[in-house]
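Subject: Structure handover and notes

Dear colleague,

I am passing on the structure that follows, together with some notes on what was found in it. Please read the notes with the model open beside them.

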Amino acid sequence: MFMDIDYMIIGSGLAGLSFAYYCEKHNKSFIVMDHSLRSSSLVAGGMYNPVVLKRFTSIWKSREQIDLAIPIYKELEIKFGARFLYETQLYRKFASVEEQNNWFYACDQPDLAPFLSIDLVKSFSDTIKSEYGFGEVFNTGFLDVKKFVLCYQFYLAEKKILIRDSFAYDRLVVDGERFHYKDIKAKHLIFAEGFSMFQNPYFNNLPLDGTKGELLIVRIPDLELKYIVKSSVFIIPLGNDLYKVGATYDWKDKTDLPTVEAKRELINGLQKLIGSDFEIIEHLAGVRPTVKDRKPLVGRHFEHENMYLLNGLGTRGVLLGPFLAKSLFHSIEQKTDLDPNIDIKRYYKKMQLGKLRKK
């Protein structure tokens with residue numbers, strides 16, 4: 001059956017589904033294509049917070065991201081009749097007096113003050129203790145990313161606008177203002193493939209550098225923890241005595257296979273955090289789509305007018321997904337400029353400059 005649509009979206013992780021949300025919201029016809037064999041969204045930790053907890057620094061446009069993303073997830077919970085968003089407190093464990101001092105310094109910064117409590121917490125659990133206490137971060141929680149993705153995919157499949165297949169780049173025909181792919185004709189083509197972008201001949205010259213992350217699902221019957229706690233690892237309560245523990249960072253290994261080394265690192269971090277025995281239920285691994293300059297990759301292909309990229313969400317996809325999708329959608333539909341921090345033009349300019357220097 002031949003289809004003539006506004007948007008063809010390649011990828012159904014947080015990026016692709018966020019863009020699909022805006023297409024539907026604005027009555028644009030679209031389909032989503034994804035083989036679902038490799039997606040970091042399916043194994044993501046899902047934690048969101050407005051602060052870099054390692055250094056107590058602010059995140060780019062954190063308030064705008066939170067104010068946009070959280071209502072969208074709540075809206076979709078109602079739409080799908082499922083729960084996947086959990087708003088809960090997050091406590092940062094301090095390892096030294098120096099970290100305490102850095103925290104109080106951060107509390108005085110205008111962009112951080114709304115998100116950090118000036119009152120330290122000495123203890124909130126018999127099994128998680130700290131000589132130097134804990135700092136509470138506001139506007140935090142986690143998204144059950146796997147459940148969110150599967151619910152959204154099921155919704156799209158029921159509407160017959162999800163194609164479970166790999167995108168064959170050699171079957172794409174660029175014809176003026178339209179893209180032809182098999183029996184589909186689309187005005188706009190959005191690539192939101194995550195780390196699989198390295199296979200995309202149209203955008204694989206951009207510096208996507210995947211970072212492998214691993215996490216554990218553990219059972220701890222006597223912990224009874226209701227909040228997220230972050231130290232060298234994070235621990236997220238999932239209910240029924242289950243917890244998610246993560247995450248590792250590996251810039252060399254680009255496979256989705258769990259490793260003994262990462263498992264050992266996570267176990268060691270968890271043992272330092274809690275005073276309880278635990279049982280490992282599952283060990284997961286995936287490659288995050290990260291970028292060398294730690295900024296997303298969003299924007300139009302330098303040559304093809306209606307071909308776009310939505311990628312590089314890294315470790316903050318829960319909040320970045322809706323924010324970047326909205327930015328890209330409006331830039332296409334309303335002809336607005338993208339923020340230079342995310343626009344892939346920053347790399348095209350460097351490439352062009354490099355060619356000129358060689359000449």
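Lys212, Glu214 and Asp253 are linked in a network of salt bridges, where a salt bridge is a side-chain nitrogen of Lys or Arg within 4 Å of a carboxyl oxygen of Asp or Glu. Please keep in mind that this is a predicted model, in which local features need pLDDT of at least 70 and side-chain atom pairs count only at pLDDT 80 or more, while totals for chains, interfaces and linings use all residues. Residues are numbered from 1 along each chain as its sequence is written, and side-chain values use heavy atoms, with hydrogens and water left out.

As general background, side chains of opposite charge can pair when their charged atoms come close. By the rule given above, the count comes to 13 salt bridges. One of them joins arginine 178 to aspartate 4, with the closest N and O atoms 3.3 Å apart. Because arginine 178 lies in strand S13 (residues 178-181) and aspartate 4 in strand S1 (residues 3-10), this pair ties together parts that are 174 residues apart in sequence; helices (H or I, at least four residues) and strands (E, at least two) are DSSP runs, numbered from the N terminus. Arginine 178 is partly exposed, with a relative accessible area of 26%, and aspartate 4 also counts as partly exposed, at 43%. In these notes, buried means under 20% relative accessible area, exposed means over 50%, and partly exposed is in between (1.4 Å probe, protein chains only).

A salt bridge also forms between lysine 254 and aspartate 209, whose side chains meet at 2.9 Å, N to O. Lysine 254 lies in the loop between S18 and H5, and aspartate 209 in the loop between strand S14 (184-191) and S15, so the pair ties together parts that are 45 residues apart in sequence. Lysine 254 is partly exposed at 24% relative accessibility, and aspartate 209 is partly exposed at 23%.

Within one helix, arginine 63 forms a salt bridge with aspartate 67, the closest N and O atoms being 3.3 Å apart. Both residues lie in helix H2 (residues 62-80), where they are 4 residues apart, about one turn of the helix. Arginine 63 has a relative accessible area of 32% and is partly exposed, while aspartate 67 is partly exposed at 47%.

Next come the aromatic residues. In general, a pair of aromatic rings is described by the distance of the centres and the angle of the planes. Here, rings of Phe, Tyr and Trp (its six-membered ring) pair if their centres lie within 6.5 Å, and planes under 30 degrees apart count as stacked, over 60 as edge-to-face and the rest as tilted. By this rule the count comes to 27 aromatic pairs. In one of them, the rings of tyrosine 152 and tyrosine 155 have their centres 6.2 Å apart and their planes at 70°, so the pair is edge-to-face. These two tyrosines are 3 residues apart in helix H4 (residues 145-158), which means that they are separated by about one helical turn. Tyrosine 152 counts as buried because its relative accessibility is 1%, and tyrosine 155 counts as buried at 17%. Ring pairs also link both of them with Tyr73, Phe80, Phe84 and Phe148 into a cluster.

Some details of the backbone may be worth a look as well. The peptide bond from glycine 246 to alanine 247 is cis, with omega near -10°, and alanine 247 is found in the loop between strand S18 (242-246) and helix H5 (260-273). Aspartate 241 has a phi near 70°, a positive value in a residue other than glycine, and lies in the loop between strand S17 (234-239) and S18. Arginine 294 has a positive phi too, near 65°; this residue is found in the loop between strand S19 (279-288) and strand S20 (297-300), and counts as exposed because its relative accessibility is 74%.

With kind regards
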